[in-house]
Amino acid sequence: LIRRMKAEGGTEMSYGISAGLSELSRAGSPGEAISHIILLTDGNTYGDEEECIRLARQAKNRGISITAVGLGTDWNEELLENIAQASGGVSLYIPHPRELPRTFRERVEALARAISSFYGRIELNEGVKLKGLFRLDPQTSRVIGDDRTFFLGPFSGSVRLLAELVIPPLPAGQYTVLRWEFGDMSGKLSARGEVSLGMAEGAGEQAIPREILAAAGQVAIFKLREKAWEEIRAGKRTKASGSLLFLARRLEEAGEKELAMLARREAMLLPEAGDLSAEGRKKLYYNTRLLALKPPEEG
């Protein structure tokens, strides 16, 4: 039956997502099993981008996350990332078909190790604002949620999140700035806690924990790449070129010389070409999400 199938016509990704959701509707309630879609594309979808995002949100509401996988270079990385974010999943880049079996196997094995799908919720103290929430594992990505409730999908082991908070001037004292809660879809597992902040006049400088420095460095590279992409989308070629050159310097500092060279080369070509090369675009988009700036040496 598979041999009789013909690959022809355009790419309409929403039909694939919709078909996957229909299949999973027969798999029982989300609390009883891990439901997940692995979406594979090698092309750009046409005219149904908003429908793809709507279906991804629908999947999240049903406790279903999506691994969005792009094969080759002729597809929209931002759409795949938006689908993954909207569903609480991840997006992956596979340069060559020969890497597909290994990537597929690794993803399925990771899902098999997961014990459940998880959600999170945060509550901020009055006056405190959430500037950004980032997931650091297995790659850097923004966490998208409604009313500060977000879906993390299935994972095994641990997951690290970094919250960027804007805190107003406060008098000396001890404050709870954030409360958090995590739980699984079945309601059997849960954990909660809070983040406190001590304010004191004339407090001396204290060392920032290396784990937080490393996490902030990981997000810093992600946001530099994110800024360059926004400028390219807005047609600000010169600004985008400058952002890529700055990213190249930071990548070099992180010891990623090959990726730094690629960023520098793309920056030089961008003002005239108006866009990045297909391969350079994918490599910079995905490889920078796996990196962290090295924290400064102690002392």
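In the predicted model, strand E5 (residues 129–135) pairs with strand E9 (residues 161–166) in the antiparallel sense, and six bridges link the two. Within this pairing, Gly132 has Glu164 of E9 as its bridge partner, while Leu130 stands opposite Leu165 of E9. E5 also pairs with strand E6 (residues 141–142), again in the antiparallel sense, over two bridges. Here the bridge partner of Arg135 is Ser141 in E6. The connection from E5 to E6 is a hairpin of five residues.

Taken together, these strands form an open sheet of three strands in the order E6-E5-E9, with antiparallel pairing. E6 and E9 occupy the edges of the sheet and have a single partner strand each, so one side of each lacks a neighbour in the sheet.

The nonpolar interior was examined next. The largest nonpolar core comprises 40 residues, and the members with the most contacts inside this core are Ile17, Ile66, Ile83 and Leu244. Helix H7 (residues 257–273) makes the greatest contribution to this core, supplying six residues. A second core of eleven residues is separate from the largest one and includes Phe150, Phe155, Val177 and Leu178. Such grouping may be set beside a general tendency: in soluble globular proteins, nonpolar side chains tend to be buried together.

The surroundings of Ile17 illustrate the contacts of one core residue. When residues up to four places away in sequence are not counted, Ile17 touches Ile37, Leu39, Cys52, Leu55, Ile66 and Ile83. Of these partners, Ile66 and Ile83 are themselves listed with Ile17 among the residues with the most contacts inside the largest core.

Methods: Residues numbered from 1 in each chain as written. Predicted model: local features only at pLDDT ≥ 70, side-chain atom pairs only at ≥ 80, totals over all residues. Heavy atoms only, no water. Core = buried A, V, L, I, M, F, W, Y, C linked by side-chain atoms within 4.5 Å. Buried < 20%, exposed > 50% of the residue type's maximum accessible area, 1.4 Å probe, protein only. Helix = DSSP H or I, 4+ residues; strand = E, 2+ residues; numbered from the N terminus. Contact = heavy atoms within 4.5 Å. Pairing = 2+ DSSP bridges.
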